[in-house]
Amino acid sequence: MMNQIKAAFDSAIIPTAFCPETGRTPPRHEAVMTAQDLRTAILRHLEFSLGKDLAHATLYDIRMALTLAVRDRVVTPWFESTRQAYAAQSKRVYYLSMEFLIGRLLEDAVNNLGLMAASQQAVEALGFDLADVIADEPDAALGNGGLGRLAACFLDSMSTIGCPGMGYGIRYEHGLFRQSFLDGVQIEEPEDWLRQRHGWEFERPEVALRIGFGGTVAEREGRMHWSPADAVIAKAYDTPVIGWQGKWANTLRLWGAESIQAFDLEAFNRGDFVGAAAQEAFARTISRVLYPDDSNGEGKELRLKQEYFFTAASLRDILRRFLSEYDDLALLPQKVAVQLNDTHPAIAGPELVRILHDEHGLAFDKAVEIARGTLAFTNHTLLPEALERWPESLMARVLPRHLQIIARIEDAFLAEHPRSPIRILEDGDVKMGELSFIMAHRVNGVSALHTDLVKSTVFAELHRTFPKRIVNQTNGVTPRRWVLGANPRLSRLITDSIGEGWVDDLEQLRALEAHTDDAGFMEAYAGAKAANKAELATWIKVETGIAVDPAAMFDVQIKRIHEYKRQHLNILETIALWQEMRADPDAGWTPRVKIFGGKAAPGYVRAKEIIRLINDVARVINADPVTGDLLKVVYPANYNVSMAEKLIPASDLSEQISTAGKEASGTGNMKFALNGALTIGTLDGANVEIRDHVGAENFFLFGMTADEVVTCRADPQHQAKAIAASRRLQGALATIEEGAFSAGDGARYAGLLADLRGHDYFTICADFDSYWDCQRQVDVAFSDPVRWMRMAALNTARSGWFSSDRTIRGYMADVWNIAPLI
């Protein structure tokens with residue numbers, strides 16, 4: 001196969017050339033593709049790939065034709081990278097993740113190939129606007145929050161650095177869900193991103209792997225044989241991921257589930273039309289929806305099957321590739337690095353052991369040794385309930401052989417560490433966090449604080465047993481997506497000021513610090529922010545019908561809705577602020593627009609209550625003639641990557657207000673800081689490192705530390721004492737209880753209020769006054785535009801360390817033991 005690839009693509013290598021327009025040597029693809037060339041390619045795809053002529057082309061047609069034309073430019077470096085990895089016999093990295101929140105891909109590819117100007121000119125020449133064309137692409141519904149966006153950033157950085165590898169996940173038909181609001185209540189509807197052709201993927205029908213479930217296990221001729229009762233086909237779909245300047249490209253391989261027998265004609269002919277398609281329906285269920293509600297037994301079983309489906313398919317694909325080059329399985333840890341992104345692919349340990357031991361005949365201990373040397377595990381949570389646990393009865397029914405292997409792994413661990421209290425199988429559950437740790441040669445946290453807490457809390461005993469296994473790799477974000485693509489005004493200013501080297505060496509942003517005393521630079525920096533805010537205000541009016549003043553402070557909290565992220569702390573402070581503004585509207589208040597965004601898991605009742613409360617409060621405040629433009633609350637529905645790209649560049653204040661000790665890292669905090677939004681936050685996750693880098697004077701800190709939170713919780717009356725001490729908090733809670741935001745229905749938020757008054761695990765009440773006081777410091781700073789803009793510019797200049805390029809280099813050195821190939 002590789003010889004065929006060489007024969008087909010060696011002749012397509014294009015030389016680079018100096019570009020006088022930009023004063024640099026561009027990527028080889030940009031050097032030869034003019035706007036006219038690209039226009040010709042678009043018209044060719046319009047006619048021959050889409051069957052349209054220009055006179056009848058829709059926006060969709062132009063977008064697809066441009067996508068295919070740009071994709072053509074990606075294929076050559078994609079195959080060149082594959083050939084180079086094979087020729088070097090390089091180790092490869094395989095990143096297994098349930099989520100890849102890749103968003104729209106067209107703008108990324110155009111930017112990375114240096115084709116933005118050519119695309120603009122070519123599309124305009126055809127009578128369309130490039131911004132409209134880019135916006136026509138649906139967000140790929142392949143993730144929910146930071147976990148998936150991090151995975152997408154990592155793929156971009158691996159391609160930019162030249163780290164050979166692949167991402168593996170599931171090709172969800174409907175993703176998480178499309179969010180809308182009805183009377184403030186979250187409504188979940190299926191995403192339909194695949195109703196249209198996905199122009200970036202290549203279907204691989206030849207890569208179709210049989211994945212089994214259930215059945216029986218029997219010993220034959222000294223080996224254990226698993227005979228699954230049910231099976232589906234995992235079919236591969238490949239998306240090339242091109243790095244900066246087109247020097248390297250890796251692959252995102254997603255698995256779609258299909259039935260082995262697509263259609264039962266005999267049942268159909270008997271009149272059993274539903275039964276005829278039952279197998280197809282069962283198979284497609286596995287790759288339909290991200291995170292199905294697992295509050296019932298059926299949902300739990302589907303979740304486990306999803307996790308095994310993509311993990312098993314990925315491992316078989318990895319071993320197929322490895323065995324095409326090598327015949328000694330003992331070399332696997334030297335040539336393959338498998339990174340488990342959280343506990344979702346934790347079944348990789350037992351599955352790899354099963355393949356090595358049951359199918360290839362390696363001794364069990366040797367199989368475990370090889371598997372451990374190959375696997376590494378990223379922990380993303382300090383919430384014990386988020387470390388997955390599956391009932392043993394469910395595991396025995398769905399993956400009977402794997403449960404046996406897990407028991408043997410535990411036995412081997414306890415034989416080596418007989419005094420350890422750690423158990424993988426405990427209280428009738430299989431604990432996937434402990435399994436992941438024991439089967440990994442490296443375990444990493446995702447911020448300095450998080451890693452320290454991983455060592456001292458969730459994996460304290462395992463850390464004492466394996467004191468060198470846990471390492472830190474603080475998260476990062478790709479500047480190609482989150483500055484160059486999302487904020488072109490700021491990007492142009494940065495490049496004009498310090499050159500373009502920052503795009504793949506983000507720490508060069510430090511050079512901007514010298515410009516923060518330059519009046520011309522600061523005027524341009526403020527102008528870019530003002531233009532972004534005006535653009536966002538127009539979008540908000542169109543999307544929500546709410547008119548907001550771009551001169552007001554844009555105060556933004558966008559993230560998954562969860563109690564530990566404390567959106568309810570934010571809305572409680574908003575209520576208290578509104579009450580004080582109403583009492584004295586002429587007191588010189590700083591006008592604010594409070595912007596929320598995020599989805600709650602369908603089964604997470606409390607999070608959905610918080611969403612409704614935000615919307616109820618917004619309805620009342622936005623209609624109040626007394627406060628008018630002093631305070632607005634906006635909650636656009638269906639938050640996704642594309643919405644984030646609109647909100648973050650226009651934000652003034654970034655709300656990173658999680659309960660200290662609960663947020664693993666966060667990456668939104670990094671995106672905001674890079675784009676010049678100041679942070680109000682606790683000492684949690686990567687906030688700690690952001691504050692260290694940008695300077696304490698450019699960060700608004702409030703709230704308890706992680707240790708203080710633990711001490712606070714030890715007092716069963718902590719919430720009552722906090723409420724009694726805070727006049728403003730009392731007023732906000734009473735207003736909700738009176739039904740002021742719920743048309744007189746005082747019982748609507750009884751559960752939420754009872755939790756705050758009676759338990760308050762996430763210390764909303766204890767941190768409220770500190771949060772209020774800190775927000776008033778924010779008001780003072782924002783009232784001085786010169787001071788505020790300098791603080792914002794210093795955030796941009798000092799946040800270059802938070803690049804995912806830096807993070808990937810850390811993984812390569814400390815976890816994967818691999819060198820780049822470019």
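Strand 10, residues 336–341, and strand 11 pair in the parallel sense over four bridges. Strands here are DSSP runs of E with at least two residues, helices are runs of H or I with at least four, and both are numbered from the N terminus. Two strands count as paired if DSSP finds at least two bridges between them.

Before I go on, a word on the model. It is predicted, so to speak of local features we need pLDDT of at least 70, and side-chain atom pairs count only at pLDDT 80 or more, while totals for chains, interfaces and linings use all residues. Residues are numbered from 1 along each chain as its sequence is written, and side-chain values use heavy atoms, with hydrogens and water left out.

Back to strand 11. One bridge there sets Asn 341 against Thr 378. Strand 11 is also joined to strand 15, residues 442–445, by three bridges, and these two run parallel. In that pairing, Phe 377 has Val 443 as its bridge partner. Is strand 11 covered on one face or on both? On both: Leu 375 and Phe 377 are buried on one side, and Ala 376 and Thr 378 are buried on the other. Buried means under 20% relative accessible area, exposed means over 50%, and partly exposed is in between, with a 1.4 Å probe and protein chains only.

Now the whole sheet. Strand 11 belongs to an open sheet of nine strands, in the order 5-8-9-2-1-10-11-15-16, with mixed pairing. Strand 5 (202–213) and strand 16 (470–472) are at the edges; each has a single partner strand, so one side of each has no neighbour in the sheet. From one strand to the next, the twist averages 25 degrees. Further along the order, strand 2 (residues 165–170) and strand 9 (residues 249–259) run parallel, joined by five bridges. Gly 169 stands opposite Leu 254 of strand 9. Helix 12, residues 297–323, packs on the sheet and touches strands including strand 1, strand 2 and strand 10; its direction makes about 120 degrees with that of strand 5. Contact means heavy atoms within 4.5 Å. For angles, axes are lines fitted to C-alpha atoms, for helices over the stretch in contact, and the angles run from 0 to 180 degrees between N-to-C directions.

Next, salt bridges. A salt bridge is a side-chain nitrogen of Lys or Arg within 4 Å of a carboxyl oxygen of Asp or Glu. How many are there in the whole structure? The search finds 63. One of them is in helix 12, between Glu 301 and Lys 305, with the closest N and O atoms 3.0 Å apart. These two are four residues apart in helix 12, which means about one helical turn between them. Lys 305 is buried, at 10% relative accessibility.

Another salt bridge joins Arg 288 and Glu 173, where the closest N and O atoms are 3.9 Å apart. Arg 288 is in the loop between helix 11 and helix 12, and Glu 173 is in the loop between strand 2 and strand 3, so the pair ties together parts 115 residues apart in sequence. Arg 288 is partly exposed at 26%, whereas Glu 173 is buried at 15%.

A third joins Lys 594 and Asp 555, at 2.8 Å from N to O. Lys 594 is in strand 18 and Asp 555 in strand 17, 39 residues apart. Are these two residues buried or exposed? Lys 594 is buried at 1% relative accessibility, and Asp 555 is buried at 1% as well. Both belong to a network of salt bridges that also links Glu 573, Arg 592, Glu 655, Arg 776 and Asp 779.

Glu 573 brings us to Trp 772, which touches Glu 573, Ala 576, Leu 577, Glu 580 and Arg 728, leaving out residues up to four places away in sequence. Trp 772 is in helix 33, residues 764–782, and is buried at 3% relative accessible area.

Last, the cysteines. A disulfide here is a pair of cysteine sulfur atoms within 2.5 Å. The search of the whole structure finds zero. For Cys 153, the nearest cysteine sulfur is that of Cys 163, 15 Å away. For Cys 774, the closest is in Cys 712, at 18 Å, too far for a bond. Cys 153 is buried at 1%, and Cys 774 is buried at 1%.
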